[in-house]
Amino acid sequence: MFWYGRGAGGWGLFAMSVSMVVFWALIITLGVLLYRSLARPGGDSGRVGGRPPGASPDQLLAERFARGEIDEEEYRRRLSVLRDDRGGGPWDGRRRA
């Protein structure tokens, strides 16, 4: 096995040990990443910014109010605009004043 002298020596054994630990760490990491990517339902979480898919504008506005990003006056103003505009948006031919 060791044809060239006395053997691997201290540094050779150290290098082989470290290489084996790094090798198995890479194999385990790749396995975990592969499992996590394949284990997701639908392959993608479907979330944008941590929000559940299909959240209504009212819910998003309520979340912003609850987090303190907007005050009560702005919440009520934006909520009234959302509820008045439910029939359509700027694309339905109506012009805003």
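**View A. There are 5 salt bridges in the structure, and a network of them links Glu63, Arg64, Arg67 and Glu69.** A salt bridge here is a side-chain nitrogen of Lys or Arg within 4 Å of a carboxyl oxygen of Asp or Glu. This is a predicted model, so local features need pLDDT of at least 70 and side-chain atom pairs count only at pLDDT 80 or more, while totals for chains, interfaces and linings use all residues. Residues are numbered from 1 along each chain as its sequence is written, and side-chain values use heavy atoms, with hydrogens and water left out. Arg67 has two partners to look for. With Glu63, the closest N and O atoms are 3.9 Å apart; with Glu69, the closest N and O atoms are 2.9 Å apart. Arg67 and Glu63 both sit in helix 2, 4 residues apart, or about one turn of the helix. (Helices are DSSP runs of H or I with at least four residues, strands are runs of E with at least two, and both are numbered from the N terminus.) Arg67 is partly exposed at 48% relative accessibility. Glu63 is partly exposed too, at 28%, and so is Glu69, at 46%. For these labels, buried means under 20% relative accessible area, exposed means over 50%, and partly exposed is in between (1.4 Å probe, protein chains only).

**View B. Arg76 and Glu72 pair up within helix 3.** Their side chains meet in a salt bridge, 2.9 Å from N to O. The two residues are 4 apart in the sequence, about one turn of the helix. Arg76 counts as exposed because its relative accessibility is 52%. Glu72, at 42%, counts as partly exposed.

**View C. Helix 2 packs against helix 3 (residues 72–84).** Two packed helices are described by the angle between their axes and the distance between the axes. Here the angle is about 175° and the axes are 10 Å apart. That makes helix 2 roughly antiparallel to helix 3. Helix 2 brings Pro57, Asp58, Leu61, Ala62, Arg64 and Phe65 to the contact, and helix 3 brings Glu72, Tyr75, Arg78, Leu79, Leu82 and Arg83. Some conventions: contact means heavy atoms within 4.5 Å. Axes are lines fitted to C-alpha atoms, for helices over the stretch in contact, with angles from 0 to 180 degrees between N-to-C directions. Angles under 35 degrees count as roughly parallel, over 145 as roughly antiparallel, 65 to 115 as roughly perpendicular, and the rest as oblique.

**View D. Leu61 is a buried residue of helix 2.** Its relative accessible area is 7%, and that is why Leu61 gets the buried label. Setting aside neighbours within four places in sequence, Leu61 touches Ile70, Tyr75, Arg78, Leu79 and Leu82. Leu61 and Tyr75 are 14 residues apart along the chain, with 7.0 Å between their C-alpha atoms.

**View E. Phe65 sits in helix 2 (residues 57–67).** At 34% relative accessibility, the ring-bearing view centres on a partly exposed residue, Phe65. If neighbours within four places in sequence are left out, Phe65 is in contact with Ile70, Asp71, Glu72 and Tyr75. Arg76 lies 11 residues from Phe65 in sequence, and their C-alpha atoms are 9.8 Å apart.

**View F. Six names to find in a nonpolar surface patch: Met20, Phe23, Trp24, Ile27, Ile28 and Val32.** Together they have about 590 Å² of accessible area, computed by the Shrake-Rupley method with a 1.4 Å probe; for residues, only the protein chains shown count as cover. Patches are made of residues with over 30% relative accessible area and no salt bridge; like charges are joined within 9 Å, and nonpolar side chains (Val, Leu, Ile, Met, Phe, Trp, Tyr) within 5 Å. One of the patch members, Val32, is in helix 1 (residues 9–39). Val32 is partly exposed, with a relative accessible area of 44%.

**Backdrop for the views. The chain has 3 helices and 0 strands, in the order α-α-α along the sequence.** Of its 97 residues, 7% are buried. The chain exposes about 8,800 Å², and carbon and sulfur atoms supply 61% of that area.
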